[in-house]
Amino acid sequence: MSANDYPETPADHTDLIAFGARHSVVVNDLQESFSEWLGADAQMNWSVDLLTGKLTLGTRQLSMQLWGSHAYESDTWLWAWANESYAGAEFDQVTGAAKWLRDASPDHERAWELTTGKFSMGKEMAEGGVAGWPLQFACFAWLRPKAVYSGDYGSGRFFCSIHDEKVPDFAPDAVRFPRLLTNAISTVPMVPHLDLVTTYARWFGLELTNQAQTWTLRFPEMVYEITFDEYQRVTGLQGHSA
């Protein structure tokens, strides 16, 4: 399939949605920390300079990589590397991450969306959040940037990742974890609840042990005991100080 082709029938995003959804607690935790770090700037208007690769939010200017955009009317995704507007060499420094996802990311040979320049999104890619969130969360997992950002420009929404040393490496937040897990359970039902917890623990290097149907997740300051049924659904969550 060439860069400018996309399926005329609804595309099957099942694998991408499942992979992105497994990382929902991770990404939402880190994004909330990023928003807190931005402070009032998080609510300010954005501007992007694609020649310098800078995203401006209020008083902050951050190095970014443009992934692509979602066109509302056609409900299609277009990668930055497939966009003729960014074909010139002067845009290479801002489309590098999108090209890496296409050519070298761990799943680039399996996730067809990474190598297809333009494709249909479909309602499944919008259920439970902003249209395109599964792609955003999956790319976050592959790239491991400091943060991600998306902005509405009227006829569509652009998506980018933040790669700036000014942004700190955020630690997992033990206090917000129960809320984020509960929200994920209600919005991404296609993922076993246990996968949400194990993915979170692996990402942050947290200790996770289990005995029978009870799993213990240890933060530096908190310990959570999470019980699951035979279908890997959460049936109980209790926390106490470490």
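## Helix packing and cysteines

Helix H2 (residues 24-38) packs against helix H5 (residues 177-187) at an angle of about 130°, and their axes lie 9 Å apart. This is a predicted model, in which local features need pLDDT of at least 70 and side-chain atom pairs count only at pLDDT 80 or more, while totals for chains, interfaces and linings use all residues. Residues are numbered from 1 along each chain as its sequence is written, and side-chain values use heavy atoms, with hydrogens and water left out.

Helices are DSSP runs of H or I with at least four residues, numbered from the N terminus. Axes are lines fitted to C-alpha atoms over the stretch in contact, and angles run from 0 to 180 degrees between N-to-C directions. H2 and H5 are therefore oblique to each other; oblique covers angles that are not under 35 degrees, over 145 or from 65 to 115.

In the contact (heavy atoms within 4.5 Å), Ser 24, Val 25, Asn 28, Asp 29 and Glu 32 of H2 meet Phe 177, Arg 179, Leu 180, Leu 181 and Ala 184 of H5.

The structure holds 0 disulfides, a disulfide being a pair of cysteine sulfur atoms within 2.5 Å. The table lists two cysteines with their sulfur distances and relative accessible areas; buried means under 20% relative accessible area (1.4 Å probe, protein chains only).

| Cysteine | Closest cysteine sulfur | Relative accessible area |
|---|---|---|
| Cys 139 | Cys 160, 12 Å | 0%, buried |
| Cys 160 | Cys 139, 12 Å | 0%, buried |

The sulfur of Cys 139 is too far from that of Cys 160 for a bond.

Conventions
Buried means under 20% relative accessible area, exposed over 50%, partly exposed in between (1.4 Å probe, protein chains only). Helices (H or I, at least four residues) and strands (E, at least two) are DSSP runs, numbered from the N terminus.
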